[in-house]
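Here is a short briefing on one structure, written with a computational chemist in mind. Please have a look at the model first, and then we can go through its helix packing and its pockets together.

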Amino acid sequence: MKQITVIVKPFKLDDVRQALAEVGVSGLTVTEVKGFGRQKGHTELYRGAEYVVDFLPKMKIEVVVNEADVERCVEAIIASARTGKIGDGKIFVTEVERVVRIRTGEEDEAAV
């Protein structure tokens with residue numbers, strides 16, 4: 001099994017969620033996060049004072065899928081999250097060693 005972690009712009013969350021649902025992903029976890037990469041942040045004006053916003057709001061989406069489904073999920077995420085502008089985000093794919101459903105004790109693929 002693999003965990004796909006996606007960092008995207010907040011307004012792309014619903015598009016990515018829908019795209020993952022269309023390729024068969026039944027569950028996901030979403031977290032509001034802040035960070036920066038090449039985008040670096042930006043300057044804003046508030047009550048006449050200029051200040052720098054270093055960390056930009058992003059959404060982190062995490063899903064665990066069978067290894068056979070990874071490429072389909074990654075393609076769906078790219079198609080739904082891409083704007084072509086800096087700050088579109090990143091996708092990380094990592095190995096999952098074990099999953100346990102707390103309620104039933106089911107493990108691994110049965111627990112996903």
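What follows covers one helix pair and then two pockets.

This is a predicted model. Helices H1 and H2 pack against each other with their axes 9 Å apart. The largest pocket has a volume of about 380 Å³, and the second largest pocket comes to about 300 Å³.

**Helix packing**

- H1 covers residues 13-22 and H2 covers residues 70-81, and the angle between the two helices is about 150°.
- Because angles over 145 degrees count as roughly antiparallel, H1 is roughly antiparallel to H2.
- The crossing in which H1 passes H2 is right-handed.
- On the H1 side, the contact is made by Asp-15, Val-16, Ala-19 and Leu-20.
- On the H2 side, Cys-73, Ala-76, Ile-77, Ser-80 and Ala-81 make the contact.
- Sorted by class, the residues of this contact of H1 with H2 are seven nonpolar, one polar and one charged.

**The largest pocket**

- If you would like a starting point for viewing this pocket, its volume is about 380 Å³ and 21 residues line it.
- Of these lining residues, Ser-26, Gly-27, Val-64, Val-65 and Val-112 are the closest to the centre of the largest pocket.
- Strand S5, residues 56-65, and helix H2 each supply at least two residues of the lining.
- S5 gives the most to the lining of the largest pocket, contributing four residues.
- The lining of the largest pocket holds eleven nonpolar, five polar and five charged residues.

**The second largest pocket**

- This pocket, with a volume of about 300 Å³, is lined by 14 residues.
- Phe-36, Gly-37, Arg-38, Gly-89 and Lys-90 lie nearest the centre of the second largest pocket.
- Which strands each supply at least two residues of the lining of the second largest pocket? They are S2, residues 29-35, and S6, residues 89-95.
- S2 gives the most to the lining of the second largest pocket, with three residues.
- By class, the lining of the second largest pocket divides into four nonpolar, five polar and five charged residues.

**Linking the topics**

- Helix H2 appears twice in this briefing: H2 packs against H1, and H2 also supplies at least two residues of the lining of the largest pocket.

Definitions and conventions: Residues are numbered from 1 along each chain as its sequence is written. This is a predicted model: local features need pLDDT of at least 70, side-chain atom pairs count only at pLDDT 80 or more; totals for chains, interfaces and linings use all residues. Side-chain values use heavy atoms; hydrogens and water are left out. Axes are lines fitted to C-alpha atoms, for helices over the stretch in contact, and angles run from 0 to 180 degrees between N-to-C directions. Angles under 35 degrees count as roughly parallel, over 145 as roughly antiparallel, 65 to 115 as roughly perpendicular and the rest as oblique. A crossing is left-handed if the near helix is turned anticlockwise from the far one by less than a right angle, and right-handed if clockwise. Contact means heavy atoms within 4.5 Å. Ala, Val, Leu, Ile, Met, Phe, Trp, Tyr, Cys and Pro count as nonpolar, Asp, Glu, Lys and Arg as charged, and the others, Gly among them, as polar. On a 1 Å grid over the protein atoms alone, a cavity is a set of points where a 1.4 Å probe fits but cannot get out, and a pocket is an open set with protein on both sides within 12 Å along at least five of seven lines; lining residues have an atom within 4 Å of a point. Grid points are joined across faces, edges and corners, and a volume is the space filled by probe spheres set on the points.
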